[in-house]
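Thanks for coming, everyone. I'll walk through one structure today, from surface to core and back out. Have a look at it first.

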Amino acid sequence: MVSIRSNGAQPTGQPVRFYKFVALTILVITIVLLGVVIFMSSKRAEITIITRSEPVDVNTTITIDSTDSNAIVSGFVTSTFVELSQNFSPEGSKTEEGVSEGLVTLYNDTNAAQPLVATTRLLTPDDILFRLKNRVTVPANGSIETEVYADVAGQGGDIGPSKFTIPGLREEKQKVVYAESISSMSGGVRTIGILNQDDVTKAEKILLDALKTKGMELLKELDADSVILSDIVQYTFENDTELGVETDLFTLSGKATVVGVFYNGEELSVYAEDMLGKQVVDNSETLQSVESQPTVVISDYDLEDNTADLVITRTGLVDLDPNSREIQKLMFFGKTEDEVRRYVMSIDHVQGVEMHFRPMWNRSVPHVASHVSITVRQVE
């Protein structure tokens, strides 16, 4: 019997080494990928853009004409005539004693009228004596206003509002017939000066303002709902005292025509706001108004046609819009610190930029939006 020996191949170590190499390669690749992921996820960039608002204003002129149905702002123009007289004192060079005077109201709480002769005494709680200038009769259960003067000349008579008893009446009657003043007495000291042109010029300026104020009050009665502007069209003054005369008082009288321009305030504000908005030509800008209302002045008027031109001034501030495309995160991806700085500083209204990159070895903005923070900070 012949035996047969098997010649089959024996396993070698080569496949084992191959599998080890593959496994090691996969491990290295995994570690590298993990490192890349950690590297990318750890990158952070915080960018603060510092901006400063810049003023912008618009000046425009509109015409108020009640006959124009297509007017930008509706309204009308009219005028009124006013007269006033006012007392003034020249700048004095000396003082002298005078007699203080004023007004009091006499009260009678009895059922019978009370006659009082001129020079009837009125006494304050501080024992300062005044006298009636004229004879009066105080009606029963009524009152009457009359003039009084101080019994003694000098500054002592220049008192404030006060109550007065009437010493000439019986003590019981003094409680029901009495006097009160609501304004101060004056004239106890007189300032004497020589009237000159400077005194008159100053008085005319004061009276002119008073004429304009009175005219405005009269015009407001025509239309309380509209906004009104007024101006003096023409005026004249008359002075009752000659220049160079020594006096403590002179009276200046004035007459003036005051023009009134009425307009719809809401329409004008909307128009001014629209005009201001047109000053923003870049979508990257944002506008905010500085004043709550535009400034409006009369530049010209025509009383024959009843028209007026108004100059409107509207002021605002323009700044970088935080939602501008120029500062969206996408614009910064991959940029280095120097590139970010150059780019941001080229944008209008930017005053500076602050950056913080993390980790310390990071030198560029990551491409992951959630890892990028952009803040806009306005400075005054």
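Let's start on the outside: which residues make the nonpolar surface patch of about 560 Å²? The answer is Phe 18, Tyr 19, Phe 21, Val 22 and Ile 26. Ile 26 sits in helix H1, which covers residues 14–42. Keep in mind that this is a predicted model.

Now the overall picture. We have four helices and 21 strands. The radius of gyration is 45 Å, while the globule rule gives 21 Å for 380 residues. The value is well over the rule, so the protein is more spread out than a compact globule. The box tells you more about the dimensions. Along the principal axes, the C-alpha atoms fill roughly 180 × 60 × 50 Å.

Some totals next. About 23300 Å² is exposed, and carbon and sulfur atoms supply 51% of that area. Of the 380 residues, 32% count as buried. Then contacts. Take those with a separation of 6 or more: 75% of them are between residues 24 or more positions apart.

On to the cores. The largest nonpolar core has 22 residues. Which residues have the most contacts inside it? They are Ile 62, Ile 64, Val 261, Tyr 263, Leu 268 and Leu 310. Several elements feed this core. Strand E2 (54–65), strand E16 (250–263), helix H3 (265–277), strand E18 (295–302) and strand E19 (307–320) each give at least two residues. H3 supplies the largest share, with five residues.

Let's zoom in on Ile 62. Leaving out residues up to four places away in sequence, Ile 62 touches Ile 72, Val 73, Leu 268, Tyr 271, Ala 308, Asp 309, Leu 310 and Ile 312. There is also another core, apart from the largest one. That one has 17 residues, including Val 104, Leu 122, Phe 164 and Ala 179.

Now charges. How many salt bridges does the structure hold? The count is 11. I'll show three of them.

Here is one. Arg 358 pairs with Glu 46, and the closest N and O atoms are 3.0 Å apart. This pair links distant parts of the chain, with the two positions 312 residues apart. Arg 358 is in strand E20, residues 350–358, and Glu 46 is in strand E1, residues 44–52. Are the two partners buried or partly exposed? Arg 358 has a relative accessible area of 42%, so it counts as partly exposed. Glu 46 is at 33% and is also partly exposed.

Next pair. Lys 202 forms a salt bridge with Glu 91, with the closest N and O atoms 2.5 Å apart. Again, distant parts of the chain are linked, here 111 residues apart. Lys 202 belongs to helix H2 (residues 197–220). Glu 91 lies in the loop between strand E3 (75–88) and strand E4 (94–97). Lys 202 is partly exposed at 47%. Glu 91 is exposed, with 54% relative accessible area.

And one more. The side chains of Arg 377 and Glu 354 meet in a salt bridge at 3.4 Å, N to O. They are 23 residues apart, with Arg 377 in strand E21 (residues 372–379) and Glu 354 in strand E20. Both ends are partly exposed: Arg 377 at 38%, and Glu 354 at 35%.

Last topic, the backbone. A reminder before the details. Most residues other than glycine have a negative phi, and most peptide bonds are trans. Here are some exceptions to look up in the model.

Back to Arg 358, which we met in a salt bridge with Glu 46. A cis peptide bond joins Arg 358 and Pro 359, with omega of about -10°. Pro 359 lies in the loop between E20 and E21.

Then phi. Thr 119 is not a glycine, yet its phi is positive, about 75°. Where is Thr 119? It lies in the loop between strand E6 (114–116) and strand E7 (121–123). Thr 119 is partly exposed, at 39% relative accessibility.

His 349 also has a positive phi of about 75°, and it is not a glycine either. This residue lies in the loop between helix H4 (337–345) and E20. Is His 349 buried or exposed? His 349 has a relative accessible area of 8%, under the 20% cut-off, so it is buried.

That's the tour. Over to you.

Notes. Residues are numbered from 1 along each chain as its sequence is written. This is a predicted model: local features need pLDDT of at least 70, side-chain atom pairs count only at pLDDT 80 or more; totals for chains, interfaces and linings use all residues. Side-chain values use heavy atoms; hydrogens and water are left out. Patches are made of residues with over 30% relative accessible area and no salt bridge: like charges are joined within 9 Å, nonpolar side chains (Val, Leu, Ile, Met, Phe, Trp, Tyr) within 5 Å. Accessible areas come from the Shrake-Rupley method with a 1.4 Å probe; for residues, only the protein chains shown count as cover. A salt bridge is a side-chain nitrogen of Lys or Arg within 4 Å of a carboxyl oxygen of Asp or Glu. Buried means under 20% relative accessible area, exposed over 50%, partly exposed in between (1.4 Å probe, protein chains only). A nonpolar core is a set of buried Ala, Val, Leu, Ile, Met, Phe, Trp, Tyr and Cys residues joined through side-chain atoms within 4.5 Å. Contact means heavy atoms within 4.5 Å. The radius of gyration is taken over C-alpha atoms; the globule rule is 2.2 Å times the number of residues to the power 0.38.
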